[in-house]
Amino acid sequence: PSSPPLVYKTPLTATGNTTLFILMDLSIDAEESSDTRIRRLISEHPVIIFSRSSCCMCHVMKKLFSSLGVHPTIIELNDHEMAVLPSHHVTCYPPAPSLFIGGTCVGGLESLVALHLRGDLVPKLVGVGAL
């Protein structure tokens, strides 16, 4: 059975406080499993957030990144796909939203804010080419 498509949400343009998004199916290979697609996406995008639709914590993450001039890739997953996120690492629990920077799991909103308050977020973003 093929996996349901992931929803890919990425900024198309950003002007002032308005960002337009494009949505597309990420099913490049119909035989690619959700697990394989998720791992590929993590490796292909310098800043990526996996979330459920209408997740308020994801919204706060996007606002923080926007204030820094960073527009992360946002992938909205269903419950089945959330279960295959590489969230077995303690730093990636709870699984939604899950932030990865440079292929490394940062964790959720609390971990992101802690990274920012320590002054480590901007250097990390510069290091992966997001800033």
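Start with Ile-101: setting aside neighbours within four places in sequence, this residue is in contact with Pro-46, Val-47, Phe-65, Val-106, Leu-115, Leu-121, Lys-124, Leu-125 and Val-128. Keep in mind that this is a predicted model. Ile-101 also turns up among the residues with the most contacts inside the largest nonpolar core, and that core is a good way into the rest of the picture.

**Nonpolar cores**

- The largest nonpolar core is built from 17 residues, and Phe-65, Leu-99, Ile-101 and Leu-121 have the most contacts inside it.
- Two or more residues each come from strand S3 (47-51), helix H2 (56-68), strand S5 (98-101), helix H4 (109-117) and helix H5 (121-127).
- H2 gives the largest share of this core, with four residues.
- There's also a second, separate core of nine residues, with Ile-38, Leu-41, Ile-48 and Cys-105 among them.
- Two of the top-contact residues in the largest core, Phe-65 and Leu-121, are also on the contact list of Ile-101.

**Salt bridges**

- How many salt bridges does a search of the whole structure find? The search comes back with two.
- One of them pairs Arg-40 with Glu-44, and their closest N and O atoms are 3.2 Å apart.
- These two residues sit four apart in helix H1 (residues 34-44), so about one helical turn separates them.
- Is Arg-40 buried or exposed? Arg-40 is buried, at a relative accessible area of 18%, which falls under the 20% cut-off.
- Its partner Glu-44 is partly exposed, with a relative accessible area of 46%.
- Arg-118 and Asp-120 make a salt bridge too, with their side chains meeting at 3.0 Å, N to O.
- On this pair, Arg-118 is exposed at 54% relative accessible area, while Asp-120 is partly exposed at 34%.
- As a general point, side chains of opposite charge can pair when their charged atoms come close.

**A nonpolar patch on the surface**

- Which residues make the nonpolar surface patch of about 230 Å²? Val-122, Val-126 and Leu-131 do.
- Val-126 belongs to helix H5, and H5 is also one of the elements giving two or more residues to the largest core.
- With a relative accessibility of 47%, Val-126 counts as partly exposed.

Key:
Residues are numbered from 1 along each chain as its sequence is written. This is a predicted model: local features need pLDDT of at least 70, side-chain atom pairs count only at pLDDT 80 or more; totals for chains, interfaces and linings use all residues. Side-chain values use heavy atoms; hydrogens and water are left out. A salt bridge is a side-chain nitrogen of Lys or Arg within 4 Å of a carboxyl oxygen of Asp or Glu. Buried means under 20% relative accessible area, exposed over 50%, partly exposed in between (1.4 Å probe, protein chains only). A nonpolar core is a set of buried Ala, Val, Leu, Ile, Met, Phe, Trp, Tyr and Cys residues joined through side-chain atoms within 4.5 Å. Contact means heavy atoms within 4.5 Å. Patches are made of residues with over 30% relative accessible area and no salt bridge: like charges are joined within 9 Å, nonpolar side chains (Val, Leu, Ile, Met, Phe, Trp, Tyr) within 5 Å. Accessible areas come from the Shrake-Rupley method with a 1.4 Å probe; for residues, only the protein chains shown count as cover.
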